Amino acid sequence: MVLDTGSELSWLHCKKSPNLGSVFDPVSSSSYSPIPCSSPICRTRTRDLTIPASCDPKTHLCHVAISYADATSIEGNLAQETFVIGSWTRPGTIFGCMDSGLSSDSEEDAKSTGLMGMNRGSLSFVNQLGFSKFSYCISGSDSSGILLLGDSSFSWLGPIQYTPLVLQTTPLPYFDRVAYTVQLEGIRVGSKLLSLPKSVFVPDHTGAGQTMVDSGTQFTFLMGPVYTALRTEFITQTKSVLKIVDDPNFVFQGTMDLCYRVGALTRPDFSRLPVISLMFRGAEMSVSGQKLLYRVNGSGLGGKDQVYCFTFGNSDLLGIEAFVIGHHHQQNVWMEFDLAKSRVGFGADVRCDQASQRLRSQD
């Protein structure tokens, strides 16, 4: 399942289709129970979902639909099932049994059974199972990462910097109240602090401008004025190292408009790129080296050059009114979500593949 700290409802693919490798079959489960429209669960527990639950007129079952920023959408029925994690058994766990959807990347979809919603909403997996803390470590390669539910402390794990969650009780049109919202306070490129007023990082009266830690979004997205300032400074500091794609119409995934040409048989000199530091209240996240550029396959620009794109994008192009810290910049960072103390922790310089092996050897 895809681990998504930006989503509430967990779901599984429940209808076999040509590209899906793994599907949950509710008919084969004696503990599966669909939720009818008349259930209080359908009427009240779904209040934090971005699209309100509805009633399927044919089956009279509680119908849910979810759409994501990458234009993917999925829908199906709300149901209950017994989930077993390690020694924990949780009967009556609520999830979505999804039977139709629209995908932006069917190849990626085929690799997963569904999605694990881990935000602060009442139906999220972590809330339903009663965990007050969870941690994960995303590997920078195809090797295994880690998800730990509950408390954890390891002698080999370095110090963790914490930043408090920004909690908003008043409903605002553009503020996601169940997201992991933190306060971004500034950005440094190398030793240069971007000269931006603090106010550009603070949500406005509509809630637009919150900063969310979201493992379900690939890259990091910044609001227009902040992105423009970062883009300009990064170009200035790398002009002797990198050659910009000079086609103004080339935008990777519709949101990444700063890309570079690199010789067919070479790699960018990552060691000469400046470190970008995201400065949060009480904590920093450093983005350096290979995390700054992403190789684009099939760029369609002609010639033999490879194309690498800057891994920060413009929220305006994504169509969202927020700052989003995506999973690419969380790679090899120990991420701790402490719901009891309302904070997010960053533990830097962790080799997630090695940490995974260490944990296995402790079992």
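This is a walk through a predicted model, from its domains to its nonpolar cores.

Start with the overall division. The domain assignment splits the chain into domain 1 (2–130) and domain 2 (160–361). Their centres, taken over C-alpha atoms, are 29 Å apart. Domain 1 brings 12 residues to the contact, and domain 2 brings 13 residues.

Now look at the interface itself. The two domains bury about 1,100 Å² between them. Carbon and sulfur atoms account for 54% of that area. On the domain 1 side, Thr5, Ala69 and Arg120 supply 57% of the area buried against domain 2, more than any other three residues. The rule finds zero salt bridges across this interface.

Turn next to the interior. In soluble globular proteins, nonpolar side chains tend to be buried together. Here the largest nonpolar core holds 56 residues. Ile187, Leu230, Phe234, Ile276, Phe312 and Met335 touch the most other members. Helix α4 (residues 224–238) gives the most to this core, with four residues. Both domain 1 (2–130) and domain 2 (160–361) give residues to the core, so it lies between them. Another core lies apart from it, with 16 residues, among them Leu9, Cys62, Leu78 and Ile94.

Helix α4 deserves its own view. It has 15 residues and reaches 21 Å from its first C-alpha to its last, close to the 21 Å expected at 1.5 Å a residue. Its buried residues are Gly224, Val226, Tyr227, Leu230, Glu233, Phe234 and Thr238.

Finish at Phe234. Leaving aside neighbours within four places in sequence, Phe234 is in contact with Leu242, Leu258, Tyr260, Leu273, Pro274, Ile276, Leu292 and Phe310.

How values were computed: Residues are numbered from 1 along each chain as its sequence is written. This is a predicted model: local features need pLDDT of at least 70, side-chain atom pairs count only at pLDDT 80 or more; totals for chains, interfaces and linings use all residues. Side-chain values use heavy atoms; hydrogens and water are left out. A nonpolar core is a set of buried Ala, Val, Leu, Ile, Met, Phe, Trp, Tyr and Cys residues joined through side-chain atoms within 4.5 Å. Buried means under 20% relative accessible area, exposed over 50%, partly exposed in between (1.4 Å probe, protein chains only). Helices (H or I, at least four residues) and strands (E, at least two) are DSSP runs, numbered from the N terminus. Domain bounds come from an automatic or database domain assignment. Contact means heavy atoms within 4.5 Å. The expected span of a helix is 1.5 Å times one less than its number of residues. Buried area is the accessible area (1.4 Å probe) that two parts lose on being put together, summed over both. A salt bridge is a side-chain nitrogen of Lys or Arg within 4 Å of a carboxyl oxygen of Asp or Glu.
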